[in-house]
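Got the structure open in your viewer? Keep the selection tool handy and follow along.

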Amino acid sequence: MIFIKKLVCLFNDYQNSFGIELFCFDCKFASTKLVKRIYFENIQNSDDSIKEQINDALSEIEFNKTSCVVNVSSHNIFTESITVPKLNATEEHKACILKLQKSYKDDFEKQYFYTKTAFNLNKNNRRIDFLLLNKSKYKTIIKKINLLGLNVDKIVFNPTTIGSFIAKKHIISLDKVGLNVIINKSSVTLLVTKGNHLIDYIDTNHSIYNVYNTIAEIRKCELDEVIEDPFMDKTLEVELEVNKFIFSIIKEIKRIGFLKDFTISEYFIHSELGLTEHIKEEIEKNLNIKFKSNIKFDSLTSSCFQAVAALKNASASLPLRVK
C-alpha cells in the first residue's frame, strides 16, 4: 500500500519566542494516520540549533524532506470587518479601501498584505472581512519559520483554517452564527462563524498543557497519568488549577460577545486533551448557554483537531515570502 507523507506544523508566534508542534501523517485515499507528534516550546527567535533538532527528529522517521503546511497563530495577523451598502464589486472595493486608508493611513496598500471574503449581512448591506498582514511584522514571522528548516509549501492562518474546517464538517448550522471554543495543547482559540465565514475570533496563549503539568507536579506523577484521569483524586489544589483555566476561557467568551454586531445562537466546544465534559458543564453553568453535543469525530480528528483542519484546509494561503 502506498502512503503519501504529510507534515503539519502548528506555529504559535509570541513576542520574543515561538512554539511549534509537528504532526507527521501517513495518508492513503480517505484514511489518515498519525505517525509521530513532536513538540517544541519557548524557542528563542534567533535559535539556529532548532533546525538541527527538528531535522534529527524527522530523519528518524524519514519525514525530513516531506512538504509541510504551516498553520500560524499570531497577534501580528488580524482581521478587520467593514459593512457597506450593496454596491457593484468595483465600488464595494473602493469603499472598503477608503475606510482602511483612514484607519491605517494613506500608504495602507504598501504596508499591508490582505485577503478578503464577503457575504450578505441582510437585504441592504454586505460585510467584507479583511485578513491583514503588516509586511514588516510578517517578515519576522517568515524569518522564524525559515529557522525551522522545513520544506514549506503552504502557510495558513489558524482561525480561518479552523473556521473553514468547521463549516466543511457542518459543526455549526450554516445559517446560524456560532461560537466555537477549540482547546489545543498550547492554546485556546475562540471563533465566531456563520457558514464558511469567520466573523470574529480570539487566539489566546492559554495552555491546557500547563494545567496538566501543574497537576503532575502536585501529584508527583507522570504527565500521561494525569491526561488519562485529571480528576483522579479531586484534591483542592487540582480543582483550583483546573477552575483557573476554565474561568480564563469564560472571560474570553464574555469578551468576544461584548458589544458586537452579531447574536450567537449555537455553541460548540472541543478539548484535545480531554476535560471537555467538565469544561463544558462549568461554562454552561456560569454563562447559561448550551453546547452542541451531537458532533462525532474519528479518533484522529479528535486528538489532532487543528492539525487535521490545516491538512484538509480550504482557506486562502498566506505569502511564503515577503519582498
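What follows is a walk through strands, a helix, a pocket and two cavities.

**Before you click**

This is a predicted model, so local features are described where pLDDT is at least 70, side-chain atom pairs count only at pLDDT 80 or more, and totals for chains, interfaces and linings use all residues. Residues are numbered from 1 along each chain as its sequence is written, and side-chain values use heavy atoms, with hydrogens and water left out.

**Stop 1: a four-strand sheet**

Helices (H or I, at least four residues) and strands (E, at least two) are DSSP runs, numbered from the N terminus. Two strands pair if DSSP finds at least two bridges between them.

Start by selecting E11, E10, E9 and E12, in that order: these four strands make an open sheet with mixed pairing. At its edges sit E11 (197–204) and E12 (266–271), each pairing on one side only. Neighbouring strands here are turned by 15 degrees against each other on average, direction ignored; axes are lines fitted to C-alpha atoms, for helices over the stretch in contact, and angles run from 0 to 180 degrees between N-to-C directions.

Now add helix H5 (residues 158–168), which packs on the sheet and touches E9, E10 and E11. Contact means heavy atoms within 4.5 Å. The direction of H5 makes about 55 degrees with that of E10.

**Stop 2: zoom in on E10**

Colour E9 (residues 177–183) and E10 (residues 188–194): they run antiparallel, with seven bridges joining them. The two form a hairpin with four residues between them. To see individual pairs, pick Ile-183, whose bridge partner in E10 is Val-188, then Leu-179, which stands opposite Val-192.

On to the partnership with E11, where E10 pairs in the antiparallel sense over seven bridges. Leu-190 faces Ile-202 of E11 there. The hairpin of E10 and E11 has two residues between the strands, and Gly-195 in that hairpin takes a positive phi near 60 degrees.

Is E10 enclosed or open? Six of its seven residues are buried, so E10 is largely enclosed by the rest of the structure. Buried means under 20% relative accessible area, exposed over 50%, and partly exposed in between (1.4 Å probe, protein chains only).

**Stop 3: E1 and its partners**

Next, select E1 (4–13). Seven of its 10 residues are buried, leaving E1 mostly covered. E1 pairs with E2 in the antiparallel sense over 10 bridges, and a hairpin joins the two through three residues. One pair to show is Lys-5 with its bridge partner in E2, Asp-26.

E1 also pairs with E4, this time in the parallel sense, over six bridges. Try Cys-9 here: its bridge partner in E4 is Val-70.

While you're in the area, click Ser-17, which belongs to E2 (residues 17–28). Ser-17 counts as buried because its relative accessibility is 12%. Setting aside residues up to four places away in sequence, Ser-17 touches Asn-42, Ile-43, Gln-44, Asn-45 and Lys-144.

**Stop 4: the largest pocket**

Time for some empty space. On a 1 Å grid over the protein atoms alone, a cavity is a set of points where a 1.4 Å probe fits but cannot get out, and a pocket is an open set with protein on both sides within 12 Å along at least five of seven lines; lining residues have an atom within 4 Å of a point. Grid points are joined across faces, edges and corners, and a volume is the space filled by probe spheres set on the points.

The largest pocket holds about 330 Å³. Of its 17 lining residues, select the closest to its centre: Thr-117, Thr-160, Asn-196, Ser-315 and Ala-316. E6 (112–120), E7 (125–134), H5 and E11 each give two or more residues to this lining.

**Stop 5: two cavities**

How many cavities of 30 Å³ or more are there? The count comes to two.

The largest cavity has a volume of about 60 Å³. Its lining includes Asn-12, Ser-73, His-75 and Asp-203, and E1 and E11 each supply at least two residues.

The second largest cavity holds about 40 Å³. Among its lining residues are Leu-10, Phe-11, Glu-21 and Gln-306. E1 gives the largest share of this lining, three residues, while E1 and E4 (67–73) each supply at least two.
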